[in-house]
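Reader: I'm new to reading protein structures. Could you walk me through this one in plain words?

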Amino acid sequence: MTMKAPQGSILPELQISKRGAERLQSGHVWVYRSDVVPVEPEIAAGALVRVVDHRKKPLGTAFYSSASQIAVRMLTSGALTPNELPSLLRQRIHDAVAYRKQVVQNTDAYRVIFSEADFLPGLIVDRYNDVLSLQAQTQAMDTTAVRETVLASLLEELKPDGIVERVEPRVRELENLPSRDSQLLHGEKTSTIFTMNGVKFHYDGLHGQKTGAFLDQRENYAAAEQYAHGEALDMFCYQGGFALHLARCCEKVTGVDSSCPALEVAEENAVLNVREVEWMEANAFDLLKDYATAGRQYDTIVLDPPAFAKSKRDLDAAARGYKELNLRALKMLRPGGVLVTCSCSYHVSEQELQSIVVAASLDARRTVRILEKRGQAKDHPVVPTIPETAYLKALLLSVV
Ligand code: SAH
């Protein structure tokens, strides 16, 4: 006798609390583990689950993680069978690619898929010209079936010469996934040259820093270039994103970073663009202190530090860090100078960043005028009901 799966209940059911259900009703797609009613036997890692509320009302279909604090990531408010999953994924990948055609200009490098913001929770895909970089950040996105569908779909949509997988060990640990090295998934090409706003950059998906570029700043590079002039200082320059744009309109540009490998690529990028930039390996805090004490002056300063506030607990220390950097930069700017100040900490809001910069300007006895308030480039879409999709802030200021 063969056993038949009971109709309509192929997927494991997962019940969530009233609070969890309210979160979904507000348009978010995550349910935290504390809002999940424990079930026996434990649901398999990365499984597709049927989510029901505290009264057993169906709320839709989701990816389940057995390890992450984010236990549930909703895929659809409707019912879905495992057989229907590949076509849903293919459709969403197609839609993500179509969206980029609408919003991305002047570049062959951009984020093709931005996880929840493209309704593909746990999947990040970046395009660098003819090479794609893929990150599967959750158990569900890392399952063989899902990976195969995603790969086939990306090949069909974008026809890249290579697809590399980028692995962030910490992300895999959080999801309790076995460690894995970054690897070539398709084709042969792992490195290339890409162009943003007419500036060329090297990309190496497997060697070197493996991190690619900060594509989210692409539109801010172009905006900064509009106002930048004179002598420019790009603090936390990484591989030269801002510095190489500023080199087109400034007399002299200095790029500072604490990472020597990043600066090596920055210099290769400068050569590629036939530009001269002075690169300095230094701790930004120490260097700004020394330069400010020495009375150095600039016309344009960019501050693009790493995320100081990784969690809410770090907020005070982060605020002090941002304040110190901005205070010193403001003191060093000549009248009419331009400050481009960024924060990629999700936990520091635009309003908070602005307050910190205003406090710094009062201490420095300088008046600032807001040229532009900006965020991440449009290929990193912001979904207002999922606040975590908005993280990058950039204030462009004219300093009196
Ligand atoms: N502006 C860059 C991205 C910056 S990412 C771009 O648009 O491409 C943050 C950079 O800060 C990293 O390259 C990292 O190496 C550097 N960094 C981190 N801590 C630093 C410190 N204390 N001093 C100088 N650089 C630092």
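Author: Sure, we'll go through a sheet and then a ligand site, and keep in mind that this model is predicted.

Reader: In what order do the 5 strands of the open sheet come?
Author: The pairing in this open sheet is mixed. On average, neighbouring strands are turned by 40 degrees against each other, direction ignored. Reading across the sheet, the order is β1-β3-β4-β5-β2.

Reader: Which strands stand at the edges?
Author: Look for strands with a single partner strand, because one side of each is then left without a neighbour in the sheet. That picks out β1 (13-15) and β2 (30-32).

Reader: How many bridges join β3 to β4?
Author: β3 covers residues 48-52, and it runs antiparallel to β4. One spot to find in the model is Val49, which stands opposite Ala62 in β4. In total, the bridges joining β3 to β4 number 5.

Reader: Which residue in the hairpin of β3 and β4 takes a positive phi?
Author: This hairpin has 5 residues between the strands. The phi in question is near 75 degrees, and the residue is Lys56.

Reader: Which residue in β5 does Phe63 stand opposite?
Author: β4 also forms a hairpin with β5, with 5 residues between them. Here 4 bridges join β4 to β5 (residues 70-76), and the two run antiparallel. Across from Phe63 stands Arg73.

Reader: How many of the 7 residues of β4 are buried?
Author: Buried means under 20% relative accessible area. By that cut-off β4, residues 58-64, is mostly covered. The number of buried residues is 6.

Reader: On to the ligand! Which residues come nearest?
Author: There are 14 residues around the ligand. They divide into 9 nonpolar, 3 polar and 2 charged. The ones that come nearest are Tyr221, Phe236, Asp257, Ala284 and Asp304.

Reader: How far does a backbone N or O atom of Ala284 lie from a nitrogen atom of the ligand?
Author: Let's put a few backbone contacts side by side. For Phe236, a backbone N or O atom lies 3.0 Å from a ligand nitrogen. A polar backbone atom of Ser258 is 3.1 Å from a nitrogen atom of the ligand. For Ala284, the distance is 2.8 Å.

Reader: And how much of the ligand's accessible area does the protein cover?
Author: Start from the ligand on its own, which has 580 Å² of accessible area. Of that area, the protein covers 85%.

Notes:
Residues numbered from 1 in each chain as written. Predicted model: local features only at pLDDT ≥ 70, side-chain atom pairs only at ≥ 80, totals over all residues. Heavy atoms only, no water. Buried < 20%, exposed > 50% of the residue type's maximum accessible area, 1.4 Å probe, protein only. Pairing = 2+ DSSP bridges. Near = heavy atom within 4 Å. Polar contact = N/O pair within 3.5 Å; in protein donor to acceptor, adjacent residues only side chain to side chain. Areas by Shrake-Rupley, 256 points an atom, 1.4 Å probe, with all protein chains shown as cover. Nonpolar A, V, L, I, M, F, W, Y, C, P; charged D, E, K, R; others polar. Axes fitted to C-alpha atoms, helices over the stretch in contact; angles between N-to-C directions.
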